[in-house]
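Welcome! Here is a short tour of one protein model, with a few stops along the way. Please have the structure open as you read.

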Amino acid sequence: MKYGFVIPSGDARTVADLAKTAESAGWDAIFVWEPVWGIDAWISLTAAAMQTERIRLGTMITPISRMRPWKLASETATLDNLSGGRVILGVGLGAVDTGFKAFGEVTDRKARAELLDEGLDILTGLWRGQPFRYSGKHYQIEECDFFPPPPPLQQPRIPIWMVGAWNWPKSMERVLRYDGLLPNVLDANKVHQPLTPEAVADMSAFMQEKKPNEPFDIVVEGETPEDKPEVAAELVRPYAQAGATWWLEARWQVPRSAEGAQLVAERVRQGPPSVFSNR
């Protein structure tokens, strides 16, 4: 299992400083959220790349439905080359209550799903390089040979982690096209349920059946106590044993204040849970 830290707030300098601290403390990745209006995720991750050498850099999450896919393709490929191949792209529909309506973004779920799928087609197509053409419901693209950028350093592509509703066939069909699952567990009435190790074991078995011998990440978010390493290990270990490949320390409820920033920085310095003896 690998360990990432989701930085809930802070400007680009804060993200860069925390990324440097996280790398020294043994975390495997840092993630930032991508707001409709706010601190730019890709500038923050670029600042982090310039302060680090090993730690991976990603988003939690990027809602592609409200973006120009070619701009996102440029940003991700540029950062992947700058960082030496350390980008992870987390994607999903996004939360409409974060400003979608205020800025005139598409809020209809079906339309956002269509834009997500077409956007990913374009993103991955442009990463592969020219010639590239695309004809979809929402986007029409012709070949463009005007100074195309180099492809991402990571091949066959930058890893894409997809938010997916477990175990809903249409959602999982989309997940299977990419490289990782950010799971939402929904019951028969589409009501969110807690993510349990038992559910992760089912996901792992499903992925092994559908994508045998292919690398694929199952990502779990949660919080571990900073001052009780034994408790933290006991909390995370069942998910690792069930087949989760990443634990993301995500403290979304920390106040966006100096006190909250201090709490986040302290947890980063303490490092990831020591679930297995080789960490």
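## Two helices that cross

In which hand, left or right, does α3 pass α4? The crossing is right-handed. Keep in mind that this is a predicted model, so please read what follows as a description of that prediction.

The axes of helix α3 (residues 69-83) and helix α4 (residues 109-128) come within 9 Å, crossing at roughly 45°. That angle makes α3 oblique to α4. If you would like to see where the helices meet, look on the α3 side for P69, W70, L72, A73, T76 and A77. Their counterparts in α4 are G119, I122, L123, L126 and W127.

## Nonpolar cores

The largest nonpolar core has 60 residues, and the members that touch the most others are I30, L89 and L120. Take L120 as a place to zoom in: leaving aside neighbours within four places in sequence, L120 is in contact with I64, V91, I160, M162 and Y178.

There is also a second, separate core, made of eleven residues. Among them are M60, I88, W246 and L248.

## A salt bridge between two loops

Now for the charged residues. Side chains of opposite charge can pair when their charged atoms come close. How many salt bridges does a search of the whole structure find? The search finds twelve.

One of these joins R157 and D179, with the closest N and O atoms 2.9 Å apart. R157 sits in the loop between β7 (140-141) and β8 (160-166), while D179 sits in the loop between α5 (169-175) and β9 (180-186), so the pair ties together parts that are 22 residues apart in sequence. The two partners fall into separate accessibility classes: R157 counts as partly exposed at 23% relative accessibility, whereas D179 counts as buried at 19%, since buried means under 20%.

## Charges around E249

E249 is worth a look, too. This residue forms a salt bridge with R251, where the closest N and O atoms are 3.3 Å apart, and both E249 and R251 are buried.

E249 also forms a salt bridge with R267, here with the closest N and O atoms 3.7 Å apart. This pair links distant parts of the chain, 18 residues apart: R267 belongs to helix α8 (residues 258-270) and E249 to strand β12 (residues 246-250). R267 is buried, with a relative accessible area of 3%, and E249 is buried with a value of 0%. Elsewhere, D117, R174 and R177 are joined into one network by salt bridges that share partners.

Key
Residues are numbered from 1 along each chain as its sequence is written. This is a predicted model: local features need pLDDT of at least 70, side-chain atom pairs count only at pLDDT 80 or more; totals for chains, interfaces and linings use all residues. Side-chain values use heavy atoms; hydrogens and water are left out. A salt bridge is a side-chain nitrogen of Lys or Arg within 4 Å of a carboxyl oxygen of Asp or Glu. Helices (H or I, at least four residues) and strands (E, at least two) are DSSP runs, numbered from the N terminus. Buried means under 20% relative accessible area, exposed over 50%, partly exposed in between (1.4 Å probe, protein chains only). A nonpolar core is a set of buried Ala, Val, Leu, Ile, Met, Phe, Trp, Tyr and Cys residues joined through side-chain atoms within 4.5 Å. Contact means heavy atoms within 4.5 Å. Axes are lines fitted to C-alpha atoms, for helices over the stretch in contact, and angles run from 0 to 180 degrees between N-to-C directions. Angles under 35 degrees count as roughly parallel, over 145 as roughly antiparallel, 65 to 115 as roughly perpendicular and the rest as oblique. A crossing is left-handed if the near helix is turned anticlockwise from the far one by less than a right angle, and right-handed if clockwise.
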